[in-house]
Amino acid sequence: MSAVGLIASCLSARMVFYTIDLNRLPVGGRIPPLWDVITPEPSEKPEKIVTVPIQKVRSDALCWLLMANLSLFMLMPVMVPFDTFLRVCAVPPETFSSKSYGYVLLDFITLRGKLPLRSLYYHMVMGFTVHLHVAILLPLYRIFRSAQLLAYSFLPVKNKTELVQPYYTAYIWLVDQPPIFNKPWLSRSAYELWSKRWHQKFRPGFLRIGYFPIKRLFGKQTKAGHIAAVMGAFVVSGLMHDYVLLTIRGYSQFNQVGVKGYQTIFFVLQAIASIVSSPDFPLGPKQLPLWVGRLLTVSWIAVTGPLFMEPYVRISFQTTMEVPVFPYIDSAYAAPFCPYGLAN
């Protein structure tokens, strides 16, 4: 259901873009086909078809398939213990209370309470695990595409070369794409984390539907327009994440304390941090030593991260964190690392 919500969000955004493009058509202009809504944009397609002998297609496809499986295998020793942690460890106690982490954070900001360090530790582990589950999508997709290419190269058809070349070209383009995550732990500011290192695949869409339209409203007021546009892009991201959460469990579980709207609140806070830490502002990353910037960034994500993760904990999403082909670890080995002991 999370995949369904994500696809629905992407298609909805593209439908908006399609409508905008229709309204901008000059008189007598060519109407783009509706099919473009669910096909890659021009920037997402390889520019030229690569033509190579069919034997090279087979050898490259086999090599790519082996490399993708190796990448998946190398993730296993990292993902298995983290997945086990989430499945067997007890969740933070505030998960079952009417006082969500948002109120805990507010009490801390107003000096009326302390942050639960064990809870921060739990949510940091969960956040890193979710990051791994997003990262594993790339080798899984490469396994599918390389296996598809290898199978097509053996089809007993006359026009096999013409059939295979577009898939071969598309895979080369896929390999050349930047990584989904670019070592986010090295970020020296929230600005660098969200603009350059964290999940850059969706960034162009958020800019197009949230940033550029708002910035155009401000005309020549570039600084005010930039601030409002950044907020708009992050709000769009938060609403999409809230919608995906809604599709996972339905409105009855979404409409509860610590779930509804928390994704959007988290991204609004990240927008504020990104604006404040951008190079155009006095507190930009160039004003701080590298180690100080990285420490502040990690601390900021550690403190605000539970706002993003708590909704998933409250709907018991962490119990489903597993990769079917990976082995299990006995809960006894995970017990020393569980901040609140083993789950009942």
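Let me begin with a pair of residues in one helix: D60 and K56 both belong to helix α2, where they stand 4 residues apart, about one turn of the helix. Their side chains form a salt bridge, and the closest N and O atoms are 3.2 Å apart. I should say at once that what we are looking at is a predicted model.

The two partners differ in their cover. D60 counts as buried because its relative accessibility is 16%, under the 20% limit for a buried residue. K56 counts as partly exposed, since its relative accessibility is 39%.

Colleagues, let me now step back to the whole chain. The protein has 13 helices and 0 strands, and from the N terminus on every element in the order is therefore written as α. Along its principal axes, the C-alpha trace spans about 75 × 60 × 45 Å. Of the 344 residues, 40% count as buried. The protein exposes about 19,700 Å², and carbon and sulfur atoms supply 68% of that area. As for contacts with a separation of 6 or more, 76% of them come from residues 24 or more positions apart.

I return to helix α2, which covers residues 54-88. M67 lies in this helix. Which residues join M67 in a nonpolar surface patch? They are L70, F73 and M74, and the patch made by the four is about 440 Å². M67 itself is partly exposed, with a relative accessible area of 47%; this value qualifies M67 for a patch because the rule asks for over 30%.

The UniProt record is relevant here. Its unreviewed entry lists residues 61-80, 120-141, 224-241 and 291-309 under "transmembrane region". In the model, residues 61-80 are 100% helix and 0% strand, with end C-alpha atoms 28 Å apart. Residues 224-241 are likewise 100% helix and 0% strand, and their end C-alpha atoms lie 26 Å apart. The same unreviewed entry, according to UniProt, places the feature "domain: Wax synthase" at residues 178-251. That span is 70% helix and 0% strand, and its end C-alpha atoms are 36 Å apart.

Next, helix α6. This helix runs over residues 160-176, 17 residues in number. From its first C-alpha to its last it reaches 25 Å, close to the 24 Å expected at 1.5 Å a residue. Its buried residues are K160, V164, Q165, Y168, T169, A170, Y171 and L174. Against which helices do the buried residues of α6 pack? They pack against α2 and against α5, residues 137-152.

Q165 deserves a closer look as one member of α6. Its relative accessible area is 5%, so Q165 is buried. Setting aside residues up to four places away in sequence, Q165 touches I49, V50, T51, V52 and V57.

I turn now to the charged pairs. Side chains of opposite charge can pair when their charged atoms come close. How many salt bridges does the model contain? The count comes to 5. Besides the bridge between D60 and K56, there is one between K99 and D107, at 2.6 Å from N to O. K99 is partly exposed because its relative accessible area is 40%, whereas D107, at 14%, is buried. Salt bridges with shared partners join K99, D107 and R112 into one network. E192 and R197 also meet in a salt bridge, at 2.7 Å from N to O. Are E192 and R197 buried or exposed? Both are buried.

My last site is in a loop. V257 sits between α10, residues 251-254, and α11, residues 262-276. Its relative accessible area is 39%, so V257 is partly exposed. V257 and F96 are 161 residues apart along the chain, yet their C-alpha atoms are separated by 9.9 Å. Apart from neighbours within four places in sequence, V257 is in contact with S98, S100, Y103 and R314.

To close, three points from this predicted model. The protein has 13 helices and 0 strands. Helix α6 places its buried residues against α2 and α5. Among the salt bridges, the pair E192 and R197 has both partners buried. Thank you for your attention.

Terms used:
Residues numbered from 1 in each chain as written. Predicted model: local features only at pLDDT ≥ 70, side-chain atom pairs only at ≥ 80, totals over all residues. Heavy atoms only, no water. Patch = residues over 30% accessible without salt bridge, like charges linked within 9 Å, V, L, I, M, F, W, Y side chains within 5 Å. Areas by Shrake-Rupley, 256 points an atom, 1.4 Å probe, with all protein chains shown as cover. Helix = DSSP H or I, 4+ residues; strand = E, 2+ residues; numbered from the N terminus. Buried < 20%, exposed > 50% of the residue type's maximum accessible area, 1.4 Å probe, protein only. UniProt positions renumbered as here; feature names shortened; annotations may be inferred. Expected span 1.5 Å × (residues − 1). Contact = heavy atoms within 4.5 Å.
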